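Work through the exercises below with the sequence and the structure at hand. Each task is followed by a worked solution.

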Amino acid sequence: MTTTEFSKLLPIQPRRKLEMAAALSGVVIYTSANGFMTGGLGVAGRKLGLTDIEVGLVLGLGAFIGVVAAPAWGYASELWSRRRLMLLAVPMVALGPMVMAIVTGQFLPLSAAVSGIVLGAARLIQALFGAALIPVAQGYVADFTKPSQRVRGMGGLSAAISFGTLSGSVLLWLTGQLGVALGFAAISLFGLSACLMVLAYLPNAVPRPALPRRETTLPLADIWPYLAITFVGFTCYTTVPPIFALRLMDRFGMDGGTAAAQTGLVLTVGVLAVCIAQVSIAVWDFKSPRAMLRAGSAGIFTGLAMLLFARDILTMCLSMTVIGFAVGFLAPAVLGAISLLGGRGAQGKIGGINMAARGLGSAVGPVLGTTLYQLNRDAPILGSLALVMIVFILTFISRDARALPS
């Protein structure tokens, strides 16, 4: 018999809030590590003797593993105890940053080639098990929200994802001058705290009642435009940040430590804007995912155009504020739409396949960004402008989730 942690909608009591916080804690750790790596690994890689493209491959290949793992985790979350999956995944997500702290801190005498291999392996472990956390969390959110409040609930999940990314960016800003090894160690320590939360507060599984086939089938024909938006959107979003520090060193003549810290500041401002947008979505009652997607893609285009002509840190921060606030509308809109288009027994599957699209975009983005950067310092931003135009076009062929019966 299939299992889940909740068999019906219940009012959120203090204990239930702790359970939801525990369910989201792993997501926060996973995304904070991703946010920290995106801006900090480039500088650490140069110190270790790795090329910019090799660093892009470490980031990209790690994200690519989610393309394969996330759908499998999504299906598993509908068959097995979500609590057990969390108890397996969260410790492994904390292990990856611990290994990275050892390598980037040069506590072991490793060659550049060996350092690259170990960093790649640590990234693969972190990404493989991290791919389970968002689908499982999406299942929790779907269990607790009515269809009329689904976009709002997914705004809360997206806010948790963004808060993790924000935490990683803040950590990079604070530790950039001291060395990224300290930041990786801190993330690993926070991961251990998340393990304790999962162990203490996530409930045991209870049986799920039998559901009709239509409630358990993956509605791929209905959700594919939204999956395409996720893929293209995350390719766009992850193309530019990996070259921020490189751009600051090469265009503005900053040293590695200063470039890492300033990159952390720019990313922090951007992700803070994402969090503000998604908290607003979690509080207010947005009804139209497609309208949110169109407004968000137009905002991203505007912010990228501003970033292209930015000549100082203040202007870059302003550009990332516009981009971040616009990006904040995309993920909740997609998550809410695909959740409404799927049945009660398909939420984990939908979350997994969407996570695969997210992982594929996150895999392509860093490689695309660092490769384009070798051709021209403005090419990654120009490429992102083209990608966000594709997102806007896809909104006109996606199904309107509001048309579904409650």
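**Exercise 1.** Decide whether Val67 is buried, partly exposed or exposed.

Solution. Buried means under 20% relative accessible area, exposed over 50%, and partly exposed in between (1.4 Å probe, protein chains only). Val67 has 22% relative accessibility, so Val67 counts as partly exposed. Val67 lies in helix α2 (residues 52-79); helices are DSSP runs of H or I with at least four residues, numbered from the N terminus.

This is a predicted model, in which local features need pLDDT of at least 70, side-chain atom pairs count only at pLDDT 80 or more, and totals for chains, interfaces and linings use all residues. Residues are numbered from 1 along each chain as its sequence is written, and side-chain values use heavy atoms, with hydrogens and water left out.

**Exercise 2.** List what Val67 is in contact with, leaving aside its neighbours within four places in sequence.

Solution. Contact means heavy atoms within 4.5 Å. With those neighbours set aside, Val67 is in contact with Ala356, Gly359 and Leu360. As for Leu335, its C-alpha is 17 Å from that of Val67, while the two residues are 268 residues apart in sequence.

**Exercise 3.** Place Arg123 and find its polar partner.

Solution. Arg123 belongs to helix α4 (residues 112-130). Its side chain makes a polar contact with the side chain of Gln126 at 2.7 Å; a polar contact is a pair of N or O atoms within 3.5 Å, where within protein one must be able to donate a hydrogen and the other to accept it, and residues adjacent in sequence count only if both atoms are side-chain atoms. Beyond neighbours within four places in sequence, Arg123 is in contact with residues including Asn34, Met37 and Met100.

How values were computed. Helix = DSSP H or I, 4+ residues; strand = E, 2+ residues; numbered from the N terminus.
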